[in-house]
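Okay, thanks for coming, everyone. I'll put the structure up and then walk you through how its strands pair and how its chains meet.

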Amino acid sequence: MIHQQTFTVATRGRGTIEITPEVERIVAEFGARVGLCNVFIRHTSASLIVCENADPSVRQDLERFAARLAPDGDPMFRHTLEGPDDMPAHVRSILTQTAITIPVAGGALALGTWQGVFVWEHRTHPHRRSVVVTVMGEA
Amino acid sequence: MIHQQTFTVATRGRGTIEITPEVERIVAEFGARVGLCNVFIRHTSASLIVCENADPSVRQDLERFAARLAPDGDPMFRHTLEGPDDMPAHVRSILTQTAITIPVAGGALALGTWQGVFVWEHRTHPHRRSVVVTVMGEA
Amino acid sequence: MIHQQTFTVATRGRGTIEITPEVERIVAEFGARVGLCNVFIRHTSASLIVCENADPSVRQDLERFAARLAPDGDPMFRHTLEGPDDMPAHVRSILTQTAITIPVAGGALALGTWQGVFVWEHRTHPHRRSVVVTVMGEA
């Protein structure tokens, strides 16, 4: 049993957007009780993370950390065609996830109490990001 | 054919603990000859890595590298509710893996000669960490 | 339906090599229309990334970024048995991917327009790297 569905996330520029509810809905619609759920983002300047979803200050601190690690406009970067945030966005994507595969148990994502799935937009301007969810499992 | 099992790792504070034997045992019990084995940690301040498992100095160096990259008590971090190691633990988790999917071949994990699967505890105090192993495959 | 195939990549020392065509060929041969494709590298000093595949300057900038983040010969590292690039290679592997699971849709990898799958060799000397591709899906 396989189920696949694609949805779009409209980002407001750099920052994280939780997509746990959308992914949970696709898993619930499919109806498998046990299996695997793969989440994949079809971009190289936005990525996925599983992160603490209770206190927003965690994601704000992650943003500050990433900005210090790969600063916009760093003179080391030559790939600057789309602006000072172009190459830092690729670096942030490489250091986080393009794909995350999460177990399904009891018909739902087997996430821990404090885990959420987030799209992390790394570009400063808003974008539309395509996310593919593939669930494989049995009833 | 799907098999899923959860086990707990008691960590002794910051550091790595190899779980390859536990994961191998679950794969062997299941009996699939070819397929995929997903390992998932249900936490946001401990993570998974596939790492060199011969020389412990590799993981000691990783620890030093992570401590330099995201130092405990860094004044940049505002999410310090659980102490100076709280936010560094989230950063280290984001930069490593919450989920790793490993091929199964010949009824065992198709790891390279020097590869082991490790839980990396990022908090300074001991914790109990829940790991879900899901195997999908055929005989 | 499961299909598994291993191939070898001969690297020319540090740098990225695109393997999207090899992975696509294995997916196409298998003939599944929808499912998941897992790519796994059986090493701890070379890794996988999904990266922008249009402009080579992106990967050159990634190389510079990684060299600054984990410099060869860093006196912090004690695991130097195989040379000054030994431990930096492990660090780069830990911060990127050993395994990536990509959705299959319409009988092909559901990659975005600018996404390619790359082996990233982190050692300065050439190596032979083993990559396992496992496809699970239905017709």
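Before I point at anything: when I say two strands pair, I mean that DSSP finds at least two bridges between them. And keep in mind that this is a predicted model.

So, let's begin inside chain A. There's an open sheet here made of three strands, in the order β2-β7-β4, and the pairing is antiparallel. In general, strands of a sheet pair through backbone hydrogen bonds, either parallel or antiparallel. At the edges of the sheet in chain A you'll find β2, residues 15-18, and β4, residues 46-52, each of which pairs on one side only. Going from one strand to the next, the twist averages 35°.

Zoom in on β4(A) for a second. Its partner is β7 of chain A, residues 115-121, and the two run antiparallel with seven bridges. If you want one spot to click on, try Cys51(A), whose bridge partner in β7(A) is Gly116(A).

Okay, zoom back out to the chains. How does chain B superpose on chain A? You rotate by 120°, with 0.0 Å of shift along the axis, and the RMSD comes out at 0.0 Å. The two copies are thus related as by a three-fold rotation axis. If you're hunting for that axis on screen, look for Leu95(B): in chain B, its C-alpha is the nearest to the axis, at 3.3 Å.

Now, where do the chains touch? Take B against A: 24 residues of chain B are in contact with 31 residues of chain A. On the chain B side, the elements giving two or more residues are β1 (2-10), β3 (34-41), α3 (86-95), β5 (99-105) and β8 (128-138). The biggest giver there is α3(B), with five residues. By class, that side of chain B has twelve nonpolar, ten polar and two charged residues.

Then there's A against C, where 24 residues come from chain A and 31 residues from chain C. On the chain A side, α3(A) supplies the largest share, five residues. The class split for that side of chain A is twelve nonpolar, ten polar and two charged.

Last thing: why do we say the copies meet through different surfaces? Because only 12% of the interface residues of chain B are also interface residues in chain A.

That's my bit, happy to take questions.

Technical notes. Residues are numbered from 1 along each chain as its sequence is written. Chains are lettered from A and ligands numbered from 1 in the order in which they are written. This is a predicted model: local features need pLDDT of at least 70, side-chain atom pairs count only at pLDDT 80 or more; totals for chains, interfaces and linings use all residues. Two residues are in contact if their C-beta atoms, placed from the backbone, lie within 7 Å. Helices (H or I, at least four residues) and strands (E, at least two) are DSSP runs, numbered from the N terminus. Ala, Val, Leu, Ile, Met, Phe, Trp, Tyr, Cys and Pro count as nonpolar, Asp, Glu, Lys and Arg as charged, and the others, Gly among them, as polar. Axes are lines fitted to C-alpha atoms, for helices over the stretch in contact, and angles run from 0 to 180 degrees between N-to-C directions. Copies are superposed by least squares on the C-alpha atoms of residues with pLDDT of at least 70 in both.
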